[in-house]
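Subject: Structure handover

Hi,

Here is the structure for you to look through. My notes on what turned up follow below it.

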Amino acid sequence: MADRYQLPRGTFDVLPDESNARARIERSAGQLFARAGFERITTPAFEETALFERGVGRSTDIVQKEMFTFDDKGGRSITLRPEGTAPICRAYVEHGMKKLAQPVRLYYIGPFFRHERPQAGRYRQFNQIGAETIGTDSPMADAELIIMLDELFARLRISGVRLRLGSLGSLETRHGYRERLVAYLRRHKAQLSDDVRRRIDLNPLRAFDSDDPGTRRVMQNAPLLVDSLDSDDATHFGEVCSMLDEAGVRYDIDPTLVRGLDYYTRTVFSFVSAKLGAQSEIGGGGRYDGLIEQLGGGATPAAGWAIGVERVLLAMGRPVRLSRRLVVFVAVANDRDRRGAFRLAAQLRRTGITTQIDLGGRSLKGQFRHAERIGARFIFTLEESGEVSLRDRRSGESHQVDLTPFEEEPKELRKYLRDLSHSG
Ligand code: HAM
């Protein structure tokens with residue numbers, strides 16, 4: 001017997017029913033983006049490896065263990081993109097977008113790749129919708145981004161989402177804080193988990209994320225970054241908070257909020273849902289004022305977020321209602337009329353009506369059964385007599401129709417069917 005193939009680990013097929021739910025999320029996000037002046041950008045699914053090493057940071061889990069990296073045939077190191085912000089900053093610099101009116105507001109939708117241990121809500125190929133506002137350090141940009149995401153969740157009727165908000169300060173503040181934190185962790189080395197101890201120098205902030213009980217106890221008294229913010233950073237953070245207050249967006253200030261990417265400065269945030277279990281973050285982001293400069297551009301402040309589409313689907317927690325599209329079926333009583341049915345179906349499709357015909361040589365009864373299975377509302381039947389009948393499957397009513405007037409005005413046929421469908 002021939003081998004059967006299966007999905008690669010950590011991946012999934014999106015079947016038609018779920019495609020509808022995804023399309024709805026993308027549509028809602030697209031509308032919000034358009035209203036706030038965000039334009040779509042699409043970058044390649046892979047980039048030069050060094051972009052992520054520099055941008056995301058060598059000490060992060062993403063770069064250390066989760067990237068799909070390989071050499072291409074020319075011996076260049078290539079990585080399937082694990083996230084979208086570094087590629088967008090690369091594009092901003094490469095296309096000289098600093099010459100455009102600032103800030104530049106961009107959004108993206110597409111697949112991302114991380115070699116993580118798969119579980120519910122965590123995949124090796126997943127989809128993100130993301131937004132980036134590049135070229136301003138105004139706290140209004142941070143607030144605008146957060147409010148937009150909050151509104152997206154409301155539109156998708158996702159309830160029970162909590163917003164965690166923090167500030168990491170500037171790179172210098174973080175540097176000074178980091179030294180103090182490393183010293184504190186060293187003093188309590190004996191109580192820390194092996195993993196945290198091993199990475200004290202590489203990534204001390206991750207100690208706040210640890211599940212290990214000993215580490216958690218130590219972290220309760222660890223110095224906090226929010227207490228080290230300089231006055232500019234503190235003012236910036238205060239303004240973000242007050243704009244969220246004004247917009248009625250609720251948040252919890254979380255001084256221990258750290259994110260798995262190194263580029264963040266000042267505001268960081270994370271939307272979490274209890275419905276999601278271990279992988280509770282639906283989306284998150286923050287400000288990354290140093291990234292573009294680090295990637296070879298001029299000093300350019302920026303902020304953004306990304307949501308995981310699969311996690312949004314989980315948080316929605318119910319199948320999205322399928323759009324109730326009007327479907328028409330064209331049946332034939334006599335095989336010799338199949339070309340006529342084909343022509344009528346093509347005509348209906350041109351007017352924008354979803355139309356199906358039988359491709360399998362079914363009997364008339366078989367065609368009716370098929371029309372029912374695909375959820376057709378109306379059935380045109382080319383009868384033996386040469387006449388055409390139209391049956392409304394909902395009301396069960398059937399009548400003869402003369403299609404000749406519609407040949408001149410095909411749009412009228414669409415209107416005719418729409419009117420019938422509303423009256424029934
Ligand atoms: P991130 O937190 O790494 O941020 O990812 C954003 C979202 O992608 C997460 O909140 C989660 O919903 C989803 N996600 C991440 N990994 C997986 C996975 N393995 N399976 C399923 N979903 C996943 C970023 O990527 C930043 N680029 C966000 C950003 C934009 N910051 C500023 N601008």
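Start with the sheet of 8 strands. It is open, and its order is β1-β5-β6-β11-β10-β9-β7-β8. The pairing in this sheet is mixed. Its edges are β1 (39-40) and β8 (252-253), and each of these pairs on one side only. Please keep in mind that this is a predicted model.

Look at the β8 edge next. Strand β7 covers residues 161-167 and runs parallel to β8, with 2 bridges between them. Within that pairing, leucine 165 sits opposite isoleucine 253 of β8. In general, strands in a sheet pair through backbone hydrogen bonds, and they do so either parallel or antiparallel.

One helix lies across much of this sheet. Helix α5 (residues 139-155) crosses β5 (104-113), β6, β7, β9 (265-273), β10 and β11. The helix runs at about 15° to β11.

Two backbone details are worth checking on your screen.

- Glutamine 102 and proline 103 are joined by a cis peptide bond, with omega at about 0°. Proline 103 lies in the loop between α4 (85-94) and β5.
- Arginine 157 has a positive phi of about 55°, yet it is not a glycine. Arginine 157 belongs to the loop between α5 and β7.

Now the ligand. Which residues come nearest to it? There are 27 residues around the ligand, and the nearest are Glu83, Glu116, Arg259, Tyr264 and Glu281. Three of the side chains place an N or O atom at these distances from the ligand:

| Side chain | Ligand atom | Distance |
|---|---|---|
| Arginine 259 | oxygen | 2.5 Å |
| Tyrosine 264 | nitrogen | 2.6 Å |
| Glutamate 83 | nitrogen | 2.7 Å |

How much of the ligand does the protein bury? Taken alone, the ligand exposes 660 Å², and the protein buries 96% of that.

The shell around the ligand is a mix. It holds 10 nonpolar, 9 polar and 8 charged residues. Three strands, β6 (125-134), β10 (281-287) and β11 (302-308), each supply at least two of the shell residues. Of the contributors, β10 gives the most, with 6 residues. These strands also belong to the 8-strand sheet, where the order runs β6-β11-β10. Helix α5 lies across β6, β10 and β11 as well.

There is also a sheet of 5 strands. It is open too, in the order β13-β12-β14-β15-β16, and the pairing is mixed. Its edge strands are β13 (354-357) and β16 (398-401), each pairing on one side only. From one strand to the next, the twist averages 25°.

Inside this sheet, β12 (residues 327-332) and β14 (residues 378-382) run parallel and are joined by 5 bridges. Phenylalanine 329 stands opposite isoleucine 379 in β14.

Two helices pack on the 5-strand sheet. Helix α13 (residues 364-373) touches β12, β14 and β15 (388-392). The direction of α13 makes about 175° with that of β12. Helix α15 (residues 410-423) touches β12, β14, β15 and β16. The direction of α15 makes about 130° with that of β14.

If you open one view, make it the ligand. Glu83, Arg259 and Tyr264 are among the nearest residues there, and β10 is the strand to follow, with its 6 shell residues.

Best wishes

Note on methods:
Residues are numbered from 1 along each chain as its sequence is written. This is a predicted model: local features need pLDDT of at least 70, side-chain atom pairs count only at pLDDT 80 or more; totals for chains, interfaces and linings use all residues. Side-chain values use heavy atoms; hydrogens and water are left out. A residue is near a molecule or strand if one of its heavy atoms lies within 4 Å of it. A polar contact is a pair of N or O atoms within 3.5 Å; within protein, one must be able to donate a hydrogen and the other to accept it, and residues adjacent in sequence count only if both atoms are side-chain atoms. Accessible areas come from the Shrake-Rupley method with a 1.4 Å probe; for residues, only the protein chains shown count as cover. Helices (H or I, at least four residues) and strands (E, at least two) are DSSP runs, numbered from the N terminus. Ala, Val, Leu, Ile, Met, Phe, Trp, Tyr, Cys and Pro count as nonpolar, Asp, Glu, Lys and Arg as charged, and the others, Gly among them, as polar. Two strands pair if DSSP finds at least two bridges between them. Contact means heavy atoms within 4.5 Å. Axes are lines fitted to C-alpha atoms, for helices over the stretch in contact, and angles run from 0 to 180 degrees between N-to-C directions.
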